[in-house]
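Subject: Structure handover and findings

Dear colleague,

Please find below the structure that I am handing over to you. A summary of what was found in it follows, arranged by topic.

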Amino acid sequence: MYYAWMQREAVRCQEIEVKINPNSPKFLDETEITDMLQKSGEMIIGNKLSSININKLETKLSASSSLANVQVFKKVESKGLSFRGKLVVTLDERTPIIRIKDSGEDYYMDMDGNRIPVSPKYVERIMITSGTVPDLETQAGLLKMADFVNKDNFWKAQIEQVFVQKNGELLLLPQVGDYLIEFGKPEDWVTKFRNLKAVYQQGFKNMGWNKYSIISVKYRNQVVCTKK
């Protein structure tokens, strides 16, 4: 038993196993995350498991704005009196709500306002935003509204882009039709989209898509259409 214990204490790390939540987007893959660990300054492969500082490794990975809920732990596998060590990493990748493209910047943002770098390996088909977000209150409302759009199949197919004006009011660019939607501040969006959907399903069915230049839902319980 003492011999087995000594053998276990001396076991060295032979492998890094990365487990990404299968429900997460994959801006970074397992190989890239393994490379991040190996470049952390902490010797891993070939080092004794007992000497590896897993807290340091968790901090290193958590510093990446793409990753969340990072956990690193040591695992010893045995076959008789033979032991094999590995480092296991489990994590989530942040879920983007909106894509920001403006003034040379291009990044995603999650529900908490964390920036997520774009990746050539992964593209999320979500609403694109440009313009200037004046304050955190407007940002919070914009993210909640984007989350509503992402979860609604009808609006996800309709709304292509959002422009944020300096006063915090939104202009929506639809996928179909040559017109703009004046949305107002990113608030009361459930009612605004409900009213707008009524125009889509009833008004446009009779009048067509291209009769108007602006459709405004910025005023409470009103939809104002401006003809071309």
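Which residue in β10 is the bridge partner of L171? The partner is E182. Please bear in mind throughout that this is a predicted model.

The sheet

That pair belongs to the contact between β9, residues 170–174, and β10, residues 180–184, where 3 bridges join the two strands. The two strands run antiparallel. In general, strands of a sheet pair through backbone hydrogen bonds, in either a parallel or an antiparallel manner.

Strands β9 and β10 are part of an open sheet of 9 strands, whose order is β6-β5-β4-β7-β8-β9-β10-β11-β12. The pairing in this sheet is mixed. At its edges stand β6 and β12 (224–227). Each of these has a single partner strand, so one side of each is left without a neighbour in the sheet. From one strand to the next, the twist averages 30°.

Helix α4, which spans residues 136–150, packs on this sheet. The helix touches β4 (96–102), β5 (105–110), β7, β8 (159–164), β9 and β10. The direction of α4 makes about 120° with that of β4.

Salt bridges

How many salt bridges does the count come to? The count comes to 15. Three of them are described here, together with one network.

The side chains of E15 and R84 form a salt bridge, with an N to O distance of 3.0 Å. E15 lies in strand β1 (residues 13–20) and R84 in strand β3 (residues 82–93), so this pair ties together parts that are 69 residues apart in sequence. Both ends are partly exposed: the relative accessible area is 27% for E15 and 34% for R84.

A second salt bridge joins the side chains of K121 and E32, at 3.4 Å from N to O. K121 is in the loop between β6 (115–117) and β7 (128–131), while E32 is in helix α2 (residues 30–38), so the pair ties together parts that are 89 residues apart in sequence. K121 is exposed, with a relative accessible area of 54%, whereas E32 counts as partly exposed at 26%.

The third salt bridge is between K151 and D147, whose closest N and O atoms are 3.1 Å apart. Are its two ends buried or exposed? K151 counts as exposed, at 66% relative accessibility, but D147 counts as buried, at 17%.

E15 and R84 also appear in a network of salt bridges, which links them with E17, K19, E77 and K86.

Cysteines

A search of the whole structure for disulfides finds 0. As regards individual cysteines, C13 counts as buried, at 2% relative accessibility, and C225 is partly exposed, with a relative accessible area of 32%.

The surroundings of L91

L91 is placed in strand β3. Is this residue buried or exposed? L91 is buried, with a relative accessible area of 3%. Leaving aside residues up to four places away in sequence, L91 touches K19, I20, N21, I33, L67, A68, N69 and V70. For one of these, A68, the C-alpha to C-alpha distance from L91 is 6.1 Å, although the two residues are 23 apart in sequence.

Backbone angles

N69, one of the residues that L91 touches, may also merit your attention for its backbone. N69 is not a glycine, yet its phi is positive, at about 50°. As a general rule, most residues other than glycine have a negative phi. N69 lies in strand β2 (residues 67–79) and counts as exposed, at 57% relative accessibility.

Where does D188, another residue of this kind, lie? D188 lies in the loop between β10 and α6 (189–207). The phi of D188 is near 55°, again a positive value in a residue other than glycine. D188 is partly exposed, with a relative accessible area of 36%.

Yours sincerely

Note on methods
Residues numbered from 1 in each chain as written. Predicted model: local features only at pLDDT ≥ 70, side-chain atom pairs only at ≥ 80, totals over all residues. Heavy atoms only, no water. Salt bridge = Lys/Arg side-chain N within 4 Å of Asp/Glu carboxyl O. Helix = DSSP H or I, 4+ residues; strand = E, 2+ residues; numbered from the N terminus. Buried < 20%, exposed > 50% of the residue type's maximum accessible area, 1.4 Å probe, protein only. Disulfide = S-S within 2.5 Å. Pairing = 2+ DSSP bridges. Axes fitted to C-alpha atoms, helices over the stretch in contact; angles between N-to-C directions. Contact = heavy atoms within 4.5 Å.
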